[in-house]
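Dear colleague,

Please find the structure below. My notes on it follow.

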Amino acid sequence: MPYTEEEKKLAEESKLLHDYLKHLSTLCTGSILIIAAFLEKIITHPAWKFLVAVSIASFLVSVVGTVAAQTFALSTMHEEGGDGTVVSIVSIFVAPVALIAAWAGFLVGIVSIGVFAIKNL
């Protein structure tokens with residue numbers, strides 16, 4: 001049975017969303033590893049060290065948000081319209097919160113580590 005244009009479009013959108021979330025998660029985990037590996041080797045007496053903790057925590061929130069959003073996206077792939085089931089409620093309310101947490105965590109993490117770097121240069 002050949003796929004309709006709508007099914008092909010939906011499949012491509014799902015791939016793009018998954019790739020986007022995967023890349024965001026990869027950036028956050030890589031940032032955590034780089035911060036942990038090089039912090040003490042690059043800066044011996046850092047000022048505003050709390051920003052490093054904020055950055056790592058924010059990146060962790062982003063990773064959890066991206067994993068949650070990917071999980072919800074996968075769980076609703078074959079869902080036919082909103083029929084009031086638990087999956088529909090989760091996809092409507094929880095998935096956007098997970099996506100917002102992923103974005104906010106990434107942005108706060110980048111800003112805080114950027115401010116830390118500027119302060120310590």
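Where is the place of T44? T44 sits in the loop between helix 1 and helix 2, where helices (H or I, at least four residues) and strands (E, at least two) are DSSP runs, numbered from the N terminus.

Before the rest, the ground rules. This is a predicted model, so to speak of local features pLDDT of at least 70 is needed and side-chain atom pairs count only at pLDDT 80 or more, while totals for chains, interfaces and linings use all residues. Residues are numbered from 1 along each chain as its sequence is written, and side-chain values use heavy atoms, with hydrogens and water left out.

Overall fold

The chain has three helices and zero strands, and its pattern along the sequence is α-α-α. Of its 121 residues, 26% count as buried; buried means under 20% relative accessible area, exposed over 50%, and partly exposed in between, with a 1.4 Å probe and protein chains only. Among contacts with a separation of 6 or more, 81% are between residues 24 or more positions apart, a contact being heavy atoms within 4.5 Å.

The loop between helix 1 and helix 2

T44 is exposed, with a relative accessible area of 64%. Its C-alpha atom is separated by 9.9 Å from that of N120, and the two residues are 76 apart along the chain. W48 lies in the same loop, between helix 1 and helix 2. W48 has a positive phi of about 55 degrees although it is not a glycine. Most residues other than glycine have a negative phi. At 42% relative accessibility, W48 counts as partly exposed.

The nonpolar core and the aromatic pair

The largest nonpolar core has 13 residues, and C28, V52, F59, F106 and F116 are the members that touch the most others in it. Helix 1, helix 2 (50–75) and helix 3 each supply at least two residues of this core, and the largest share, five residues, comes from helix 1. A core of this kind is a set of buried Ala, Val, Leu, Ile, Met, Phe, Trp, Tyr and Cys residues joined through side-chain atoms within 4.5 Å.

How many aromatic pairs does the count come to? The count comes to one, under the rule that rings of Phe, Tyr and Trp (its six-membered ring) pair if their centres lie within 6.5 Å, with planes under 30 degrees apart counted as stacked, over 60 as edge-to-face and the rest as tilted. The pair is formed by F59 and F106 and is tilted, at 6.3 Å centre to centre and 55 degrees between the planes. F59 lies in helix 2 and F106 in helix 3, so the pair ties together parts that are 47 residues apart in sequence. F59 counts as buried at 1% relative accessibility, and F106 counts as buried at 19%. Leaving aside neighbours within four places in sequence, F59 is in contact with C28, S31, I32, I35, G105, F106, G109 and I110.

The second largest pocket

This pocket has a volume of about 260 Å³. On a 1 Å grid over the protein atoms alone, a cavity is a set of points where a 1.4 Å probe fits but cannot get out, and a pocket is an open set with protein on both sides within 12 Å along at least five of seven lines; lining residues have an atom within 4 Å of a point. Grid points are joined across faces, edges and corners, and the volume is the space filled by probe spheres set on the points.

The lining has 13 residues, of which I35, L39, I42, I113 and F116 lie nearest the centre of the pocket. Helix 1 (5–42) and helix 3 (86–119) each supply at least two lining residues, and helix 1 gives the most, with six. By type, the lining divides into 11 nonpolar, two polar and no charged residues; Ala, Val, Leu, Ile, Met, Phe, Trp, Tyr, Cys and Pro count as nonpolar, Asp, Glu, Lys and Arg as charged, and the others, Gly among them, as polar.

Other positions in helix 2 and helix 3

T66 is found in helix 2 and is buried, with a relative accessible area of 0%. Not counting residues up to four places away in sequence, T66 touches L21, L24, S25 and A102. V64, also in helix 2, counts as exposed at 57% relative accessibility. The C-alpha atoms of V64 and A102 are separated by 7.3 Å, with their positions 38 residues apart along the chain.

Regards
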